[in-house]
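Open the model in your viewer and keep the sequence panel at hand. The stops below can be selected in order.

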Amino acid sequence: MLGAVVYWDLEGAYDVYLGSTVPTQGSGGLLECSFAYLTVRDRLPTILTRVIDTIHRNKNKFFEEFGEEGVQAEKRTIGFLSKLRNELLTDKPILVLCDGLEDTDSWNQYLQRQQRLLGERDPVSWFKSPWLYIECYMYRRIQEAIWLNPPISDFDVFNESKTQSFFESQQAVISLCTYLQGFNRNMDDLSETQLMEQFHKLLQVSLWGNRCDLSISAGMENSQKASPIDSLSDLKSFILVDDSNMVWSALTSAQRPGEDGKTTSGRVDIVLDNAGFELVTDLVLANFLVSAGLAREVRFHGKSIPWFVSDVTAHDFQWTIRQTLAANHKWMSKSGVQWQSYVREGVWSYHDHPFWTMPHEYCDMAGDAPDLYATLQGADLILFKGDLNYRKLTGDREWDHMVPFDRALRGFGPAPLCSLRTLKANIQVGLQPGQGENLNTQDPSWMTSGKYAVVQFSSPHREQ
């Protein structure tokens, strides 16, 4: 067994880092056969192998664009990534980054912090480190391999799989856009109760869109085929915590009478997860919020570099809108036209920040990225999509399942926030007494299968 280092949390709430129980400061190792251990042992090397294969398959493209220089860059990058894969598999020490990018110093300082927590006896290595850190570090090393080998420095090694996921979900996208346009045509005839019902539907569509996560399937096909609207009633019983009514209240509470007598709405920020079908569900939800008068502005937050196989970058965001606009389907194309208009008018905007691709927990954001924290404070509601965001919100700790979501955030609360997450990691808080135990008995893989989901809300204005 590699690095079975086990610690206890002084608070009494265990911290799940790489599958072990470790202290709040974030030091520990993988426990053999834990979900985290199997992820690092099996899934991460598979992802690296697919990345190497993708780069090799694009050899001719690199030659056409850059000549022999492109071919040599391809060889060097593959060599770098093959070495990285070997480091992972053989539990080698974690190396400092040397690409000189904006976040390089922060990453190397984080490594020093991990070494101090582990002590001087052993170096920080792949199987003696927090799971969250190791996963993030691997993707950052992939970026380093690309960046250090111009002229292919801008190549997105995950672009092919993200593009494939989008096109393989076309029927579901068409179905969703058709539903959206039908709703928009009848908007003025809806009562507030009907409007709230539509909100609940599209929030759940965005929630279940999170199942399409290519990092969980190690880059294998994981698209949406069925109509998402038609599936909602069958999926409702799998939502373990549903704070949708609190989210609705946060939106309506942000509405204020304007000077012209009309109601003005608040700003909604969406911290994105996956490209492909999930991103479309997020865009549809954002469209609804604006057209229904529930948001005056929507800010999307994505990644500045390719991340966790399918996470949204600025290119993915813009490409998805262009593809929707250019679609050979009336309602899909009309949706794309509307989305492009929102972007052009500044109603929608895309933002990224180095903090989103760091291994930090979100309770550290105010200290480590005060500019980003201040930006989020300007929102009236923040929607955090997906599993990685949930892990960072809760510190990747193995909390007791009944610990309140507010407590697990450990002070993070720039604005009212909601986590929309399908469960794909063994961390879950905010459950009712006995709920976790019953799930363990009925379905031992309930926390990692993506079968279950949560809509969990927290507000800094609520009594905690």
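The tour goes from the whole chain to two helices, a pocket, a loop residue and two cysteines.

**Whole chain.** Start with everything shown; this is a predicted model. Colour by secondary structure: the protein has 18 helices and 11 strands. Of its 464 residues, 59% are buried. Among contacts with a separation of 6 or more, 76% join residues 24 or more positions apart.

**Helix α8.** Select residues 192–209, which form helix α8. What end-to-end distance should its 18 residues give at 1.5 Å a residue? The expected span is 26 Å, and the end C-alpha atoms are 26 Å apart, so the two agree. Next, show side chains. Leu-195 is buried, as are Gln-198, Phe-199 and His-200. Further along α8, Leu-202, Leu-203, Gln-204, Val-205, Ser-206, Leu-207, Trp-208 and Gly-209 are buried too.

**Helix α12.** Move to residues 314–325, the 12 residues of helix α12. Here the expected span is 16 Å and the end C-alpha atoms lie 17 Å apart, which agrees. Its buried residues are Asp-316, Phe-317, Trp-319, Thr-320, Ile-321 and Thr-324. To see what covers them, add helices α6 (159–168), α7 (170–185), α11 (277–291) and α13 (330–345), which are included in the cover. Strands β7 (295–302) and β8 are also part of that cover.

**Largest pocket.** Now display the pocket surface. The largest pocket has a volume of about 330 Å³. It is lined by 17 residues, and those closest to its centre are Leu-101, Gln-143, Ser-304, Ile-305 and Pro-306. Which helix gives the most to this lining? Select residues 131–147: helix α5 contributes 3 residues. By type, the lining divides into 6 nonpolar, 6 polar and 5 charged residues.

**Thr-357.** Select Thr-357, in the loop between β8 (348–352) and α14 (365–368). Is Thr-357 buried or exposed? Its relative accessibility is 1%, under the 20% cut-off, so Thr-357 counts as buried. Leaving out residues up to four places away in sequence, Thr-357 touches Trp-107, Lys-303, Ser-304, Ile-305 and Trp-307. Ser-304 and Ile-305 have already appeared among the residues closest to the centre of the largest pocket.

**Cysteines.** Finish with Cys-98 and Cys-418. Cys-98 has a relative accessible area of 57% and is therefore exposed. Cys-418, at 0% relative accessibility, counts as buried. How many disulfides does the structure hold? The number is 0.

How values were computed:
Residues are numbered from 1 along each chain as its sequence is written. This is a predicted model: local features need pLDDT of at least 70, side-chain atom pairs count only at pLDDT 80 or more; totals for chains, interfaces and linings use all residues. Side-chain values use heavy atoms; hydrogens and water are left out. Helices (H or I, at least four residues) and strands (E, at least two) are DSSP runs, numbered from the N terminus. The expected span of a helix is 1.5 Å times one less than its number of residues. Buried means under 20% relative accessible area, exposed over 50%, partly exposed in between (1.4 Å probe, protein chains only). On a 1 Å grid over the protein atoms alone, a cavity is a set of points where a 1.4 Å probe fits but cannot get out, and a pocket is an open set with protein on both sides within 12 Å along at least five of seven lines; lining residues have an atom within 4 Å of a point. Grid points are joined across faces, edges and corners, and a volume is the space filled by probe spheres set on the points. Ala, Val, Leu, Ile, Met, Phe, Trp, Tyr, Cys and Pro count as nonpolar, Asp, Glu, Lys and Arg as charged, and the others, Gly among them, as polar. A disulfide is a pair of cysteine sulfur atoms within 2.5 Å. Contact means heavy atoms within 4.5 Å.
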